[in-house]
Amino acid sequence: MSNIIKVGMADLNVCKSPDGITTLGLGSCVGIAIRDPVAKVGGLAHVMLPDSTQIENNSNKFKFADTGIEELVKKIVALGGNKSRFEAKIAGGAQMFSFQNKSDMVRVGERNVEASKKKLKELGIPLKAQDTGLNYGRTVIFYPETGAFVIRSAGKPEKTI
């Protein structure tokens, strides 16, 4: 029997097969799922902001794409994962509100996606799939054993990437 582990906002966690891991309510936030397909371990981060260097007194490393992804990688390695085999999928990064202003303050979702991709590339982790952008929220469930990243959105059919 498998368990589904919950990850809150600005949080992350890891699990081993056959367990899965979920996070609710990805709006402009991005869910980054990383796994080692051989060891069948992985994890999920729910990041809120792109860059930890832009905020003073940031004690929560999990909140940011740059530091959150680094912490997730450390935890997956500690669980038995081999970084050379890691692969990633991302979801979220929506533009939840309609604004005429295109300033960086309202482009948080887009910036979160860009920062997540940049950090994955820096770490040499290939991005296998994504479901990002647009204007709706997402709830995701990730299964490190198979790599299935299930995406649910209100009023839309469930999809797996």
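**Exercise 1. Find the loop that holds Lys-40, then say what is unusual about its phi and whether the residue is buried, partly exposed or exposed.**

Step 1: place it. In this predicted model, Lys-40 sits in the loop that links β4 and β5.

Step 2: check the backbone. Phi of Lys-40 comes out near 55°, a positive value in a residue other than glycine. For context, most residues other than glycine have a negative phi.

Step 3: classify the exposure. The relative accessible area of Lys-40 is 31%. Buried needs under 20% and exposed needs over 50%, so Lys-40 is partly exposed.

**Exercise 2. Run the backbone check on Leu-134 and on the peptide bond from Ser-17 to Pro-18.**

Step 1: Leu-134. Its phi is positive, about 60°, although Leu-134 is not a glycine. The loop between β7 and β8 is where Leu-134 lies, and at 57% relative accessible area it is exposed.

Step 2: the peptide bond. Going from Ser-17 to Pro-18, the bond is cis, with omega near 10°. Most peptide bonds are trans. Pro-18 belongs to the loop between β2 and β3 (20-26).

**Exercise 3. Work out the strand order of the open five-stranded sheet, name its edges, and see which helices lie across it.**

Step 1: the order. Reading across the sheet gives β2-β5-β4-β6-β7, with mixed pairing.

Step 2: the edges. β2 (11-16) and β7 (127-132) each pair on one side only, which makes them the edge strands.

Step 3: the twist. Ignoring direction, neighbouring strands here are turned by 10° against each other on average.

Step 4: one pairing in detail. β2 and β5 (residues 41-47) run antiparallel over six bridges. Pick Leu-12, and its bridge partner in β5 is Ala-45.

Step 5: the helices. α1 (residues 65-78) lies across β2, β4 (30-36) and β5, at about 25° to β2. α2 (residues 108-122) lies across β4, β5, β6 (87-92) and β7, at about 20° to β4.

**Exercise 4. Is Arg-138 buried or exposed, and which polar partners does its side chain have?**

Step 1: location. Arg-138 is part of strand β8 (residues 138-143).

Step 2: accessibility. Its relative accessibility is 1%. The cut-off for buried is under 20%, so Arg-138 counts as buried.

Step 3: polar partners. The side chains of Arg-138 and Asp-131 are joined by a polar contact of 2.9 Å. A polar atom of the Arg-138 side chain also lies 3.2 Å from the backbone oxygen of Gly-133.

Step 4: the wider surroundings. Leaving aside residues up to four places away in sequence, Arg-138 touches a list of residues including Leu-24, Leu-26, Ala-91, Thr-132, Ile-151 and Arg-152.

**Exercise 5. Place Ser-59 and say whether it is buried or exposed.**

Step 1: Ser-59 is in the loop between β5 and α1.

Step 2: with 74% relative accessibility, Ser-59 counts as exposed.

Step 3: for a distance, take Asn-3, which is 56 residues away from Ser-59 along the chain. Their C-alpha atoms are separated by 29 Å.

**Exercise 6. How many cavities of 30 Å³ or more are there, and what lines the largest cavity?**

Step 1: searching the whole structure turns up one.

Step 2: the largest cavity holds about 40 Å³ of space.

Step 3: the lining residues are Ala-33, Arg-35, Glu-87, Ala-88, Lys-89, Lys-128, Phe-142 and Gly-147.

Step 4: β4 and β6 each supply at least two residues of this lining, and β6 provides the largest share, three residues.

Terms used
Residues are numbered from 1 along each chain as its sequence is written. This is a predicted model: local features need pLDDT of at least 70, side-chain atom pairs count only at pLDDT 80 or more; totals for chains, interfaces and linings use all residues. Side-chain values use heavy atoms; hydrogens and water are left out. Two strands pair if DSSP finds at least two bridges between them. Helices (H or I, at least four residues) and strands (E, at least two) are DSSP runs, numbered from the N terminus. Axes are lines fitted to C-alpha atoms, for helices over the stretch in contact, and angles run from 0 to 180 degrees between N-to-C directions. Contact means heavy atoms within 4.5 Å. Buried means under 20% relative accessible area, exposed over 50%, partly exposed in between (1.4 Å probe, protein chains only). A polar contact is a pair of N or O atoms within 3.5 Å; within protein, one must be able to donate a hydrogen and the other to accept it, and residues adjacent in sequence count only if both atoms are side-chain atoms. On a 1 Å grid over the protein atoms alone, a cavity is a set of points where a 1.4 Å probe fits but cannot get out, and a pocket is an open set with protein on both sides within 12 Å along at least five of seven lines; lining residues have an atom within 4 Å of a point. Grid points are joined across faces, edges and corners, and a volume is the space filled by probe spheres set on the points.
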